[in-house]
Amino acid sequence: APEKEVLQLSLGERDKISFQHENLKVVSSFLSFDENKSKRVIDFSQQPQNKALSENSDDESVHSTLRKSLFKTSGNVHKNTEFKAGSVDVKEIGTYLNTSENMKVTKEGFLRNNHHAPITKDSDFTLHRVNNEEIVSENGIKIQSFSNASEILDVTGTTGRKLEILRAVTEIPTQFRSIFKEFPYFNYAQSKALDDLLYTDRNFVICAPTGSGKTVMFELAITRLLMEAPLPWLNIKVVYMAPIKALCSQRFDDWKEKFGPIGLTCKELTGDTLMDDLFEIHHADIIITTPEKWDSMTRRWRDNSIVQLVRLFLIDEVHVIKDESRGATLEVVVSRMKTIQSSLWRHLEKHDTVPPLRFVAVSATIPNTQDIAEWLSDSKMPAVCLKIDEDQRPVKLRKIVLGFPCSDNQTEFKFDLTLNYKIASIIQTYSEQKPALVFCATRKGVQQAASVLAKDAKFLLSIEQKQRLQGFANSLKDSKLRELLTYGVAYHHAGMEISDRKIIEGAFTVGDLPVLFTTSTLAMGVNLPAHLVVIKSTMHYVGGVFQEYSETDILQMIGRAGRPQFDTTATAVIMTRCSTRERYVQLLNGADIIESSLHRHLVEHLNAEIVLHTVTDVSVALEWIRSTFLYIRALKNPAHYGFSSGLDKVGIEAKLQELCLKNLNDLSAFDLIRMDEANNFKPTETGRLMAWYYIAFDTVKQFFTMKGTETLNELITMISNCTEFVDVKLRTNEKKILNTLNKDKDKITIRFPMEGKIKTREMKVNCLIQAQLGCIPIQDFTLTQDTGRIFRNGLRVT
């Protein structure tokens, strides 16, 4: 409503209102008309006394009492149109109806309407009159019309108790409302979290299915910080941490637009950001980063006051903590932030000068969210833990796991190929003629599956759709893709031309492209929601071997199912072998308990903490261990960490101490740390370099075998074998180019050719390092990308 309009309600109208639930703070908002003045008149009346208040009043106490919005609608219900009767502009009532679709409708009725006005057809929520007394929606909800003076929209939660929820965006102070301008009401999950996020500073863990609007919860926490912090916001930093670079890029683009206008700057910190970027971060308010990047940043925190300015730490996908390779980093980064906070607290006499650090974490559906909350609790106040059930997802998700027979002598490649011929029937069964997204394991697999489907299936396309697809196809550079697109099928992967990728994304987003095949890695970064998501085979090709997708990968892919603006339901289908079917059923039910993987990577992280002086002796080392998620889980499930299950708390702590000492001895054996007379740890120069450049312990051990007489060839071979390059994959279709670079009498080849054919990751790394140093051009986009990655990591290692 326009800020300046006066809000009032005649007494006669007020008397008609019956407040049925005395115990609730019920708020009703009315639209009524004055034919002559065409003014908008709205009243937010509180419980027994009807206190009129103006719409632009930013009195927080008033906002926080607004608990429930009840519509009174008069005349036609339109979406994005205006009321004809008194030229009153009612925006997006349709949106409100949609939000309430995922809640049970009370017996008293959904809309009470005594005018029996025709209800217009709307793309999402179509209502048509059956007889004078009731309206039936296509979703099969019966809506009774009551002859009642007050027309109230009454919504009850699925739990059966009264839902005092669905909070209005008007509750947000005016200067921050633009952040939430896309919708008039917060959804169920957001409304439920709103009080804790917006009106307290407590640490907060939300466990919610993908697609329940988690980003808005982070935005509410940022809004809270801005409401509390005095202007100008000079010394506050917000850190948003997500496990995948692509998620960071998405958040960066989104938040730059939302927070830019209110004066906040965002900075993305991923990959190997150079030192001059560190300078820029000093001026950024919101830092968007990955655990690895924030780890390498905070390893320099003593000469880096930025870390001490962080007031809000947002962790997306916190369940990644269980990931074998990346989880440990996430865990130590958070534990380090806690330790920094408590050491600042210890060293400053005036405690009130230490601003509190707030953690807000979001996780997919997991059974032990409480453990995460316990880990994020501080000494003064336990963290709030909010679980949102699957049935509260704004778009209902049907999950289907299909098991296919796979004989013992069938290779993964063969099994993967057989699934291509099953796709057509799955799309026919589940897509409901709406866009479908199919995830495949490899880039080559994506193209093969798309070709098979284009031959197998004929899509019913309208003439306009065909013309638009032809238009998209004409702009493509890839001729194979151009041909497929006219059939209504396309593919999309990171090895393609960026311009082609953008065209395909555009065609899919507007709904002209019925089926898109893509790789899992790209799914993480590009927001391509679909009505149907199919995961074709649960194995993918990593580092030359097939392995199962991680839980995060699966949840991310499934999270693409459901387009909130078009769908009320969505479907996700996982195609796997009969032998693994049960495992994925378990995973989708969120039955997998999250464990720590820090014990597997303790040695590198302990060294980093010693270099940072966070850990100075054995007793502090144990205190640091106590601040980790590993400690919380080891007490509950000692067997998982190799301790005997009969141990009590004292026994488990002793075992953790033992593990700690073993790692400290390993560091000491390679002269990475030393002890002084007072038994305090001192990092050595090598230990400092290891932490500073983020080098793996195995790599350092390998360097200790050097004699100093190595040839250039031997040095390149040694570097190629470093752990830092594990994420470089050797793909089958690259072998020909690499073998030509290695040995070819007609072309320029590398300086130190290797024996035999190129068949390992190490050989590929070696070949690309030499090609780059020898200035040999490589006409392959993927290999150029890999060379960039090798040199970024190689600069650290060397």
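## Aromatic pairs

Phenylalanine 180 is buried, with just 1% relative accessible area. Keep in mind that this is a predicted model. Phenylalanine 186 is buried too, at 0% relative accessibility. Another ring joins in here: phenylalanine 183 pairs with phenylalanine 186 edge-to-face, at 5.6 Å centre to centre and with 65° between the planes.

Across the structure, the count comes to 10 aromatic pairs. One of them is phenylalanine 180 with phenylalanine 186, whose ring centres sit 5.4 Å apart; their planes are at 75°, so this pair counts as edge-to-face.

## A cluster, and a charge over a ring

Further along the chain, Phe218, Tyr240, Trp255 and Phe259 make up one aromatic cluster. What lies over the face of tryptophan 255? That would be arginine 251, at 5.6 Å from the ring centre.

## Helix 20

Have a look at helix 20, which runs over residues 602-611. Of its 10 residues, 9 are buried, so the rest of the structure largely encloses this helix. The buried set is a mixed bag: Leu602, Val603, Leu606, Ala608, Ile610 and Val611 are in it, and so are His605, Asn607 and Glu609. Just after helix 20 comes histidine 613, which takes a positive phi of about 65°.

## Salt bridges: a pair with some exposure

There are 33 salt bridges in the structure. In one of them, the side chains of lysine 477 and glutamate 497 meet at 4.0 Å, N to O. Lysine 477 sits in the loop between helix 14 (463-474) and helix 15 (479-485), while glutamate 497 is in the loop between strand 17 (489-492) and helix 16 (498-509), so the bridge ties together parts that are 20 residues apart in sequence.

Are these two side chains' residues buried or exposed? Lysine 477 counts as exposed, because its relative accessibility is 55%. Glutamate 497 is partly exposed, with a relative accessible area of 46%.

## Salt bridges: buried pairs

Now for some buried partners. Arginine 731 and aspartate 786 form a salt bridge through their side chains, at 3.5 Å from N to O. Distant parts of the chain are linked by this pair: arginine 731 is in the loop between helix 26 (712-720) and helix 27 (735-742), aspartate 786 is in helix 29 (residues 781-797), and the two are 55 residues apart. Both arginine 731 and aspartate 786 are buried.

Lysine 764 and glutamate 734 make another salt bridge, at 2.7 Å from N to O. Here lysine 764 comes from helix 28 (residues 761-773) and glutamate 734 from the loop between helix 26 and helix 27, so the pair ties together parts 30 residues apart in sequence. Lysine 764 is buried, with a relative accessible area of 0%, and glutamate 734 counts as buried at 2%. Elsewhere, salt bridges with shared partners join Asp371, Glu374, Glu595, Arg633 and Lys636 into one network.

## A nonpolar patch on the surface

Back out on the surface, which residues make a nonpolar patch of about 270 Å²? Leu689, Trp692 and Tyr693 do. Tryptophan 692 belongs to helix 24, which spans residues 685-692. Tryptophan 692 counts as partly exposed because its relative accessibility is 35%, which falls between the 20% cut-off for buried and the 50% cut-off for exposed.

How values were computed: Residues numbered from 1 in each chain as written. Predicted model: local features only at pLDDT ≥ 70, side-chain atom pairs only at ≥ 80, totals over all residues. Heavy atoms only, no water. Patch = residues over 30% accessible without salt bridge, like charges linked within 9 Å, V, L, I, M, F, W, Y side chains within 5 Å. Areas by Shrake-Rupley, 256 points an atom, 1.4 Å probe, with all protein chains shown as cover. Helix = DSSP H or I, 4+ residues; strand = E, 2+ residues; numbered from the N terminus. Buried < 20%, exposed > 50% of the residue type's maximum accessible area, 1.4 Å probe, protein only. Phe/Tyr/Trp six-rings, centres within 6.5 Å; stacked < 30°, edge-to-face > 60°. Lys NZ or Arg CZ within 6 Å of the ring centre and 35° of its normal.
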